[in-house]
Amino acid sequence: MRTVTGSIIPMPWPLCGAAEFAGTYLCRVIVLSVMRNILSAVLCVIAVCALAQQNTPMPRAQARAVDARLPMTQQSPAQNVSLRHVEIPADMTGDELAIPVAGIEKTSLVDTWGQSRVGHLHSAIDIMAARGTPVVSAAGGTVLKLFTSRAGGLTVYVADPAKTWVYYYAHLDSYAPGLQPGLHVAQGDVLGFVGTTGNASPDAPHLHFEIERLPPSGEWWRGEPVNPYPILMARGRTFDSR
């Protein structure tokens, strides 16, 4: 740029346009860089939140999917259930238990206790058998409840005479004629028949069998489960249907 005393000769217009363009381009580069950094930070925060949510443990109240076994008008009480592999509990008195599917030998039993299921751990054993095979009462006692649930399908709860233990039978195809709450049953009496009701696979009929220790208040839906497998292996005997 040339100067003359007392005045400044303006820059030719092509140079002015180039300077203005360079300034605008630089501003755009800076803005885009800032926006890119902000977007990267937001994506990092979203990823961290998603990972934290994925690693959050499931509440214990959901572990056994008890809600599916309660009437729709009831709320399942929160439970602190521990799935423990146990031998025969010290307070389980009495003699042999019937293997609760007619004709099944001990050698056919499989320990499925504690296996992972959708949304919970398996607090029972599954006894595979042909559809329609009689399901027999593992012990004498009183029928507490007949209940149809989303998970268990047709189910039966039978308590022992002392109301200490409850035996839970699920996925029944149908009930035995005349079965009703309050009915006294003997060991080996037919309760129903093996099926696939509830969430059981249609091509894998079986009995879902639980043994639970009743709370002092006696609620049939709040029992503490114990593993039936070692109990049946030690005390179980095969029954034919009556």
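## A salt bridge around Arg131

At 43% relative accessibility, Arg131 counts as partly exposed. This residue belongs to a predicted model, and it is a good place to start a tour of the charged pairs. The side chain of Arg131 meets that of Asp173 in a salt bridge, with 3.6 Å from N to O. Asp173 is also partly exposed, its relative accessible area being 36%. Arg131 sits in the loop between S6 and strand S7 (134-136), while Asp173 is in strand S10, so the salt bridge ties together parts that are 42 residues apart in sequence.

## The other charged pairs

How many salt bridges does the count come to? The count is three. Besides the pair just described, Arg213 forms a salt bridge with Glu224, and their closest N and O atoms are 3.2 Å apart. This pair links distant parts of the chain, with Arg213 in strand S13 and Glu224 in strand S14 (residues 224-226), eleven residues apart. Glu224 counts as partly exposed, at 30% relative accessibility.

Arg237 and Glu96 form a salt bridge too, and here the closest N and O atoms are 3.2 Å apart. Again distant parts of the chain are linked: Arg237 is in strand S15 (residues 236-237) and Glu96 in the loop between H1 and S3, 141 residues apart. Both ends are partly exposed: Arg237 has a relative accessible area of 35%, and Glu96 stands at 44% relative accessibility.

## The chain as a whole

Stepping back, the protein chain has two helices and 15 strands. Of its 242 residues, 39% are buried. The chain exposes about 13,800 Å², and carbon and sulfur atoms supply 61% of that area.

Contacts reach far along the sequence as well. If you take the contacts between residues at least 6 apart in sequence, 67% of them join residues at least 24 apart.

## Nonpolar cores

In soluble globular proteins, nonpolar side chains tend to be buried together. In this model the largest nonpolar core has 30 residues, and those with the most contacts inside it are Tyr167, Tyr169, Leu207, Phe209 and Ile211. Which elements each supply at least two residues of this core? They are strand S6 (125-128), strand S9 (153-159), strand S10 (165-175), strand S12 (190-194), strand S13 (206-213) and helix H2 (228-235). The largest share, four residues, comes from S10.

Tyr167 has a long list of neighbours beyond four places in sequence, among them Met92, Leu97, Val156, Val158, Phe209 and Ile211. Tyr157 is also touched by Tyr167. A second, separate core has eight residues, including Tyr157, Ala159, Tyr168 and Ala170.

## His208 in strand S13

Is His208 buried or exposed? Its relative accessibility is 11%, so His208 counts as buried; the cut-off for buried is under 20%. His208 is found in strand S13, and its side chain makes a polar contact with the side chain of Glu210, at 2.8 Å.

Beyond four places in sequence, His208 touches His122, Ala124, Ile125 and Asp126, and also Tyr168, Tyr169, Ala170 and His171. Of these neighbours, Tyr169 is one of the residues with the most contacts inside the largest core, whereas Tyr168 and Ala170 are included in the second core.

## Ile88 and its partners

Ile88 has its place in the loop between helix H1 (13-54) and strand S3 (97-98). This residue is partly exposed, with a relative accessible area of 28%. What does Ile88 touch, not counting residues up to four places away in sequence? Its contacts are Ile231, Ala234 and Arg235. The C-alpha atoms of Ile88 and Ile231 are separated by 5.4 Å, although the two residues are 143 residues apart along the chain.

## A nonpolar patch at the surface

Nonpolar side chains are found at the surface too. Ile30, Val34, Ile38, Leu39, Val42, Leu43 and Ile46 make a nonpolar surface patch of about 650 Å². One of these residues, Ile38, lies in helix H1. Ile38 has a relative accessible area of 51% and is therefore exposed, since exposed means over 50%.

How values were computed: Residues numbered from 1 in each chain as written. Predicted model: local features only at pLDDT ≥ 70, side-chain atom pairs only at ≥ 80, totals over all residues. Heavy atoms only, no water. Buried < 20%, exposed > 50% of the residue type's maximum accessible area, 1.4 Å probe, protein only. Contact = heavy atoms within 4.5 Å. Patch = residues over 30% accessible without salt bridge, like charges linked within 9 Å, V, L, I, M, F, W, Y side chains within 5 Å. Areas by Shrake-Rupley, 256 points an atom, 1.4 Å probe, with all protein chains shown as cover. Salt bridge = Lys/Arg side-chain N within 4 Å of Asp/Glu carboxyl O. Core = buried A, V, L, I, M, F, W, Y, C linked by side-chain atoms within 4.5 Å. Polar contact = N/O pair within 3.5 Å; in protein donor to acceptor, adjacent residues only side chain to side chain.
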